[in-house]
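Please work through the exercises below with the sequence and the model in view. Each task is followed by a solution in steps.

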Amino acid sequence: MLCPYCQSERSQVVDSRTSDGNDTIRRRRQCLSCDQRYTTYERVEMRPVWVVKRDGRKQPYRREKLIEGLAKALQKRDVPLQTIQRKAVEGEQILFRNNVSEVTSSQIGDYMMRVLKDLDGVAYLRFMSVYRDFSSPEDFVSEISKLAADQRVVNPARVEA
Ligand SMILES: [Zn+2]
């Protein structure tokens, strides 16, 4: 592993812990040449799963993208990153069961929708507005009514674009 700052090969691990639902080891390293610190991750290699997009193109599944997508919807909401990471791991267990080699982007989107609906009504609406391509305030209103009908409390005044 080369130091990203000075390309030295010499480093020492100053901290090491598991993350992402215990299947990743995160190591904090300190370069022995320039003293800068950087982070490396070690993870079990999984059989690749492909994400099939709506237009038929495929790309390799990456957990980071799922986490980023959820985190983006949950921006400024009071949900810890740990919860998001756990939901991503749980999602993989659901989406990849039966050893599938492909999932569709809409299966992933639907899973994200369920997670956000569960975690935070505002984040859910924010995500839906992009995912379902909301084009007017009425789209929000109708989705809020559906949420309310699900016995969840959502204050429309707090919805941010
Ligand atoms: Zn260095």
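The exercises concern a predicted model and treat first its sheet, then a pair of helices.

**Exercise 1.** Determine in what order the three strands of the open sheet are arranged, and which of them stand at the edges.

*Solution.* The strand order is β1-β2-β3, with antiparallel pairing. β1 (11–19) and β3 (37–43) each have a single partner strand, so one side of each lacks a neighbour in the sheet and both stand at the edges. On average, neighbouring strands of this sheet are turned by 25° against each other, direction ignored.

**Exercise 2.** Describe the pairing of β1 with β2 and state how many bridges it comprises.

*Solution.* Strand β2 covers residues 24–31. Its pairing with β1 is antiparallel and extends over eight bridges. As one point of reference, R17 lies opposite R26 in β2.

**Exercise 3.** Classify the crossing of helices α1 and α2 by angle and by hand.

*Solution.* Helix α1 spans residues 63–73 and helix α2 residues 81–95; their axes come within 9 Å and cross at roughly 130°. Because angles over 145 degrees count as roughly antiparallel and those from 65 to 115 as roughly perpendicular, this angle falls in neither class. α1 is therefore oblique to α2. The crossing is right-handed.

**Exercise 4.** Identify which residues make the contact between α1 and α2, and describe their character.

*Solution.* From α1, the contact involves R63, L66, I67, L70 and A71. From α2, the participants are L81, I84, Q85, K87, A88, G91 and E92. Sorted by character, the residues of this contact comprise seven nonpolar, two polar and three charged.

Methods: Residues are numbered from 1 along each chain as its sequence is written. This is a predicted model: local features need pLDDT of at least 70, side-chain atom pairs count only at pLDDT 80 or more; totals for chains, interfaces and linings use all residues. Two strands pair if DSSP finds at least two bridges between them. Helices (H or I, at least four residues) and strands (E, at least two) are DSSP runs, numbered from the N terminus. Axes are lines fitted to C-alpha atoms, for helices over the stretch in contact, and angles run from 0 to 180 degrees between N-to-C directions. Angles under 35 degrees count as roughly parallel, over 145 as roughly antiparallel, 65 to 115 as roughly perpendicular and the rest as oblique. A crossing is left-handed if the near helix is turned anticlockwise from the far one by less than a right angle, and right-handed if clockwise. Two residues are in contact if their C-beta atoms, placed from the backbone, lie within 7 Å. Ala, Val, Leu, Ile, Met, Phe, Trp, Tyr, Cys and Pro count as nonpolar, Asp, Glu, Lys and Arg as charged, and the others, Gly among them, as polar.
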